[in-house]
Every structure is written in structure tokens, then in C-alpha cells.
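Here's a walk through one chain, meant for someone who likes to see the cut-offs next to the claims. Have the viewer open while you read.

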Amino acid sequence: MSEPLPAEVRSQVVAFAADTLAGLEDAEVPSSLVAVRRFTPARRPRQGAVPLAAAVEHDALFRGRVADWVRRTQPGLAEAVTSADGPPAAAPPAAVAAVAFVLRQPGWETLVAAAADSSAQAAMSARVDAASREVGRLTEALAAVQENGRAEREQLREQLAASRGELDDLRRRMRGASERVRRAEQSAQDEIAAAVADRDAARVATRTAEAETRRLRARVGELETALAAARREGRDARSLDDARLRVLLDTLMGAANGVRRELGLPSTVLRPADLCAPADGQPRDALAAVGTSGRPDDDPTIIDVVLSIPGVHLIIDGYNVTKRGYGTLTLQAQRVRLLAGLGPLAGRASDVEITVVFDATAVASRPVGVTAPRGVRVLFSRLGELADEEIVRLVRAEPPGRPVAVVTSDREVAETCAAAGARAVPSAALLARLER
């Protein structure tokens, strides 16, 4: 048969072949269907349709086994196809055509063609029914569209009427707005005219004010000239008074010096540190504000706090400071560097007394090369004594109540001076202050 089988007939033939393949022995299975045999029964008709249909078409032995299976399972259809009367009219054309295709009885092509015609007519009837249903659906949709169109037309008519009413209302409002705009323009013109008049008046007032300003500036210049003349006269008068006061002060100082010479008084004011008078042994706490608790030993602000106390006596353990800061230098270089740094501190605090104590050397007097800056007293310990003893002597020589601070990191000296009423300050704090 040159024409392809209808789809329904082909599906039925493939189903017959799949069921037949399931009942064959392994030796009876055609080589082309060995792989299909491994499929599950549900997968064979679907995934093995092509090889099954080809085996039925071209393998006569396999087709014969399928025919035997059809005769056993479909005896009614097999007898109807092979009888002279032909299949009954009520038999399904696709099933009849599939059985005829497998059995290959004379006239089987006619049955297959009839099945194909029946399938085509059924397909045509289905398309006609579908077309009828589509026509009915489109007719209903057209009626709905027409109904919606009529409703929309009515709605548009109502909207048009409402729009016309709004347009009339807008026209009335525009006429009212035009009238208000006209009145506003007239008012603006009036205000512009008034502003121009105010501007002209302001210009006149500005010119008048400028003339008055020039007059006042001229008057200020005259007053400044008179003030400068008055200041010059005042300076001249003050210069004369200062000269008179200076002459009077010189006279008084001359008289005081004469009285000092007659009484045999020293020419300078001596301090306890100069005399090292014996102490009364009374402890003092005048430097309570200078606290080092909570501060590092190298905090330079400790020295600033000490120097800010009025009348404080700052006693420095010289070599204790220099050997910590400049220990690699010679003793003379250490003394020179320390005194050079203390000079600016003494210059900033005029009411502060600064005394530096060094250990005695081989000579009894001040070593060569030591020059004390202004405001700094330099002392050396007595022969055979340490600077520690001289520092304690200086502390005890001060009167009770005077603030005294000792710069040293010698614990014994610090405790002894604290017992005498002085406040100990770490040497690192002074070094940090001098390096700042």
C-alpha cells in the first residue's frame, strides 16, 4: 500500500504489535525490536512506534505472529474481516482496518481506505462542528460588542453634554478672570507709578544724605585733628610729669642708699636660700595643688603648674637631673646644658626663685665655666658633703608657709624634703619641660 495508514489505524497496529512483542520468546523477537522489548509495556507503543510499525510492514514472520495474536484476542473482528459478508456496519472503522492490515486478507486495502475515508469524514465533521461553535461564539461576541457599543455611545453622549456644560462654565469663569486681570494690570500700573515716585524721592534723599555724610566726615576730620593735637599736648604734659617723678625717685633712692651705708646694711636683699638659716622643723603643705598622682613622671605640665604658683622656690638636684638626661656628657657640659635651659624658665616667671645644687668638686669655689643665668642661683655642696644634704638644708631654711618644690628622682631626698614640707617633682618632668 503506497498511501500511509491513517493515524488512528497506525496507532491500533502499533498497539497490536507491542502486545504481541510482550508475549514472544527471546528467540522469536526480531533483531530490530530487541531494544524495544526492553521498554516497559507503557513505553513500547509510544517510544517504539516507528520500529514496531516497520516490523509489521516489512517482516512477514513478525506480522504473522501479530495476526495470530489478533485472532486469539480479537476473534470477533478477525471473523468479520475474513467473512464474505464483511464486517458489521457498527464495527469501528479504525479497528477493522487495523485487523485487515495485519491479516492481509483479500480486499484489506478497501477496508483500510474505508477507514481512512471514515477518519477523514470524522475529522471533517469535527472541523465543521468546531467551525459552527466558533461561529456561534463570534456571533455572541459580536452581539456583546454591539451592545457595549450602544452603551458606550450613550455614555459618550452624556459625557459630551457634561463637557458642554463645563465648557460654558469655563467660558463664564474666563470672562470673570479677564476682568480681574484687567483690574490687576491697572493696579500694577498704579503701583509702578508710585514706586517710580518713591525711587525718585529716595534718590533725592540719598543725595541729601551723601552731602550730609561729606559734611560729617569733614567735621570728623576736624575733630580727629583736634584730638591728635590734644594727645600731643597730653603726652608732653605726661613726659614732664614723668621727668619730675623720675627726679623725685632718684632723690629717694639716693637717700635710701645713704641711709643703708650709714647703718651698714647689705646692698642686696638676702633670702633664706642665701643664708641657709637653721630650720624650725615645722612641716609645710603649700604645694598641695601640685599633685603628680595619676600623671606620668615625664609630664612637662607638672613644671608649668609649679612655676605658676606665686613666690615658689624651685630647688633642683643638678646632677640627678643631668645624669638622667645628658649622662654621656662631661660634668661641665651637663651643668652648662641644664643652666642654659633654666634661663628661659626663670625669665618667664619673675616671682619664682630657682636654685640648682651640684655636688662639690675638687675646688672649693664655683668651677670654671659655670655661668648662672639671670634669675637662677647655683650652689655647690660643702666639701665632704653631697648635694642631697645641701638641698635638705635649703628646704628647712625656708619660712613656714612658703611653697617649695624639689626636683629630684632620689627617693630618700624626696621623702626627707616632703617631711620638711616641700613637694617632690620627678626629674623626668623637668627634662621633658626643657625639651619642649
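What follows covers the overall make-up, then the sheet, the helix packing and the salt bridges.

## Ground rules and overview

This is a predicted model, in which local features need pLDDT of at least 70 and side-chain atom pairs count only at pLDDT 80 or more, while totals for chains, interfaces and linings use all residues. Residues are numbered from 1 along each chain as its sequence is written, and side-chain values use heavy atoms, with hydrogens and water left out.

The chain's secondary structure comes to 15 helices and 5 strands. Helices (H or I, at least four residues) and strands (E, at least two) are DSSP runs, numbered from the N terminus. Of the 436 residues in the chain, 28% are buried. Buried here means under 20% relative accessible area, exposed means over 50%, and partly exposed is in between (1.4 Å probe, protein chains only). As for contacts (heavy atoms within 4.5 Å), take those in the chain with a separation of 6 or more: residues 24 or more positions apart account for 63% of them.

## The sheet

How are the strands ordered in the open sheet? The order is E3-E2-E1-E4-E5, 5 strands with parallel pairing. Strands E3 (376-380) and E5 (423-425) stand at the edges with a single partner strand each, so one side of each has no neighbour in the sheet. From one strand to the next, the twist averages 25°. Pairing requires that DSSP finds at least two bridges between two strands.

Strand E4 (residues 404-407) is a good place to zoom in. E4 pairs with E5 in the parallel sense over 3 bridges, and with E1, also in the parallel sense, over 4 bridges. On the E5 side, Ala405 stands opposite Arg423 and Val406 opposite Ala424. On the E1 side, Val406 is the bridge partner of Ile315.

In a regular strand the side chains alternate between the two faces of the sheet. In E4, Val404 and Val406 point one way, Ala405 and Val407 point the other way, and all are buried.

## Helix packing

Helix axes are lines fitted to C-alpha atoms over the stretch in contact, and angles run from 0 to 180 degrees between N-to-C directions. Helix H1 (residues 7-22) packs against helix H5 (residues 60-73) with the axes 9 Å apart and an angle of about 95°. That makes H1 roughly perpendicular to H5, a label that covers 65 to 115 degrees (under 35 is roughly parallel, over 145 roughly antiparallel, and the rest oblique). From H1, Phe16, Ala17, Asp19 and Thr20 meet Phe62, Arg65, Val66, Trp69 and Val70 of H5. Sorted by class, this contact of H1 with H5 has 6 nonpolar, 1 polar and 2 charged residues. The classes are nonpolar (Ala, Val, Leu, Ile, Met, Phe, Trp, Tyr, Cys and Pro), charged (Asp, Glu, Lys and Arg) and polar (the others, Gly among them).

The second helix pair is H11 and helix H12 (residues 331-348), whose axes come within 10 Å and cross at roughly 100°. H11 is therefore roughly perpendicular to H12. On the H11 side the contact uses Gly318, Tyr319, Val321, Thr322 and Lys323, and on the H12 side Leu331, Gln334, Arg335 and Leu338. These residues divide into 4 nonpolar, 3 polar and 2 charged.

## Salt bridges

Side chains of opposite charge can pair when their charged atoms come close. The rule used here asks for a side-chain nitrogen of Lys or Arg within 4 Å of a carboxyl oxygen of Asp or Glu, and by this rule the count comes to 19 salt bridges. Three of them are listed below.

| Salt bridge | N to O distance |
|---|---|
| Arg199 and Asp200 | 3.7 Å |
| Arg393 and Glu390 | 2.5 Å |
| Glu398 and Arg402 | 2.9 Å |

Buried or partly exposed: where does Arg199 fall? Arg199 counts as partly exposed at 41% relative accessibility, and Asp200 counts as partly exposed at 36%. Glu390, in contrast, is buried, with a relative accessible area of 6%. Arg393 and Glu390 are 3 residues apart in helix H13 (residues 387-397), which means about one helical turn separates them. Glu398 and Arg402 are both buried, and a network of salt bridges links these two with Glu353 and Arg377.
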